[in-house]
Amino acid sequence: MVSGMMTGQPFRAAFLRQLSASGLANSFVHALPATAEISIGRDPRCQIMLDSLVYGGVSRYHAKIQPIAGRSISWQICDLSSSNGTYINGSRLQGCRVLEAGDRIVLGQDGPQFLFELEPSPEPVGGTEPATAYHSSLFASGAISSRSISGEDPPDGPHSDAATLSQLFPIVSTGRDLARKAFLIPGIITVSFVVMMFVAVGNSVFFNFLVAAYLSGAAYYFVYQLCGKHKPWWLLGGAAIFTVLLLVSPVLDGFIFVFRVLLPGEIPADPASVNFLTLMIRMFFGAGLMEELLKAIPVLATYWIGTQLRSPYRERIGIWEPLDGILIGTASAVGFTLLETLGQYVPAIMQDVTIQAGGDSGELLGLQLLIPRILGSVAGHMAYSGYLGYFIGLSILKPKQRWRTIGIGYFSAAALHALWNTMGVLNLAILALVGVLSYAFLAAAILKARALSPKRSQNFATRFYRGR
């Protein structure tokens, strides 16, 4: 194969295209900078980070690719004394080697595979567009198939007018795709909750708990899908439970004393009795700063636990990037929302209405309050905590000026929280705008976190977005 470095043709950019297990190119491309080297491995600090549970044979720092200055820029790959070696086109790499377009890189004998690609200059050569000639050479060598470029799935079988057995009984042929692509597990969970709700009819406390648990789980699953990074569900559930335990422990009393007694965060019994500025300041200290710090404790605890573990558990469990912080932060917010709603707001309104109107009016109104509070957590507690979690993860990924980064996130999340609480008392129309703003902050943080992620190539939200 003829490369641009051999012919002297200039190239605009170089890329690593990650290959699937079958050896076909997928949609994930890593751009190679012309002024800096990148490292590949399992360590969270690698520019191309690989999941340790999927690629256990990859070293923490396995290989690096760096540009070589000359008449035209070229790139070389170096093995970093990896345990299982680096292979280029089937040959084990010793030291460093200059890469050529179409080189196939394998980390370990059966590890992840990458294809080195060069984007040619736009000038035609010999009447043929270089990009066309280049991709034609890849097709001829078998490195890339037309199906892998287009992203189309292989056909089910030869074209025929007769339906096949797998087409007549699709459930027997879908295999793992049924669970991975058809949301089978969420469907099973939904059916299970529906059955339990039928059983709980007549028991308002248990019924409300089931509704709240299902809605909060659905809201969190939405955020989880947006983030697109795998995190153990037991860890996420543990973060929510940890927050609940904090709220029912003496820790909460200490937070209340600091933020609402020592600091000007006392929440007035009648919020409408004070002016907007006074209420905003009190909500900032007594709700924003206090509650966001409390919900951030599981994030900080998860980071500390991760630093104490060995690979591969440290990468899987710890906080190493903004997506980790968002996932743990929003899980903590789920626990906060559930306890606050089921333990405070709903029982209070049920009791007041039942005393005044009697009958089942309190139960109905309690359910009506429960639903918007839980669903609204995506633009409420989950938004604030996820936003702060982004900054905690960012401070770990980019530790320079760490405290400034955390401070910006902490005060921003507290300000959004305080604004929501204040507008909920003074103006419901503006409250809706604040909710949209809070969700926009969270969504923007998720998108930026996905772009910054060292494991971007393994992000299933990115893969879903690209039609994979």
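This passage looks at aromatic contacts, strand pairing and internal space in a predicted model.

Aromatic contacts come first, as they offer plenty to look at. The structure holds 14 aromatic pairs. One of them joins Phe255 and Phe259, whose rings are stacked with 6.1 Å from centre to centre and 25° between the planes. Both residues belong to helix 9, which covers residues 250–262, and a spacing of four residues sets them about one turn of the helix apart. Phe255 has a relative accessibility of 13% and therefore counts as buried, since the cut-off for that class is under 20%. Phe259, at 9% relative accessibility, is buried as well.

A second stacked pair is made by Phe284 and Phe411, with centres 6.3 Å apart and planes at 20° to each other. Here the contact links distant parts of the chain: Phe284 sits in helix 10 (residues 276–308) and Phe411 in helix 15 (residues 402–426), with the two positions 127 residues apart in numbering. The two partners also fall into separate accessibility classes. Phe284 is buried, with a relative accessible area of 18%, whereas Phe411 is partly exposed because its value of 44% lies between the 20% and 50% limits.

Beyond these pairs, Tyr220, Tyr224, Trp233 and Phe460 come together in one aromatic cluster. An aromatic ring also meets a charge in this model: the charged end of Lys295 is placed over the ring of Phe336, at 5.3 Å from the ring centre.

Turning to the strands, strand 5 (residues 63–68) pairs with strand 3 (residues 38–41) in the antiparallel sense, and three bridges connect them. Within this pairing, Ala63 of strand 5 has Ile40 standing opposite. Strand 5 also pairs with strand 6 (residues 74–79), again in the antiparallel sense, this time over six bridges. There, Pro67 has Trp75 of strand 6 as its bridge partner. In a regular strand, side chains alternate between the two faces of the sheet.

The last topic is enclosed space. Rolling a probe the size of a water molecule over the atoms shows where empty space is left. A search of the whole structure gives one cavity of 30 Å³ or more, and the largest cavity contains about 30 Å³ of space. Its lining consists of Asp51, Ser52, Lys229, His230, Glu315, Arg316 and Lys455. Sorted by class, this lining of the largest cavity has five charged and two polar residues and no nonpolar ones. Ser52 and His230 are the polar members, because neither is on the nonpolar or the charged list.

Key: Residues are numbered from 1 along each chain as its sequence is written. This is a predicted model: local features need pLDDT of at least 70, side-chain atom pairs count only at pLDDT 80 or more; totals for chains, interfaces and linings use all residues. Side-chain values use heavy atoms; hydrogens and water are left out. Rings of Phe, Tyr and Trp (its six-membered ring) pair if their centres lie within 6.5 Å; planes under 30 degrees apart count as stacked, over 60 as edge-to-face and the rest as tilted. Buried means under 20% relative accessible area, exposed over 50%, partly exposed in between (1.4 Å probe, protein chains only). A charge sits over a ring if NZ of Lys or CZ of Arg is within 6 Å of the ring centre and within 35 degrees of the ring normal. Two strands pair if DSSP finds at least two bridges between them. On a 1 Å grid over the protein atoms alone, a cavity is a set of points where a 1.4 Å probe fits but cannot get out, and a pocket is an open set with protein on both sides within 12 Å along at least five of seven lines; lining residues have an atom within 4 Å of a point. Grid points are joined across faces, edges and corners, and a volume is the space filled by probe spheres set on the points.
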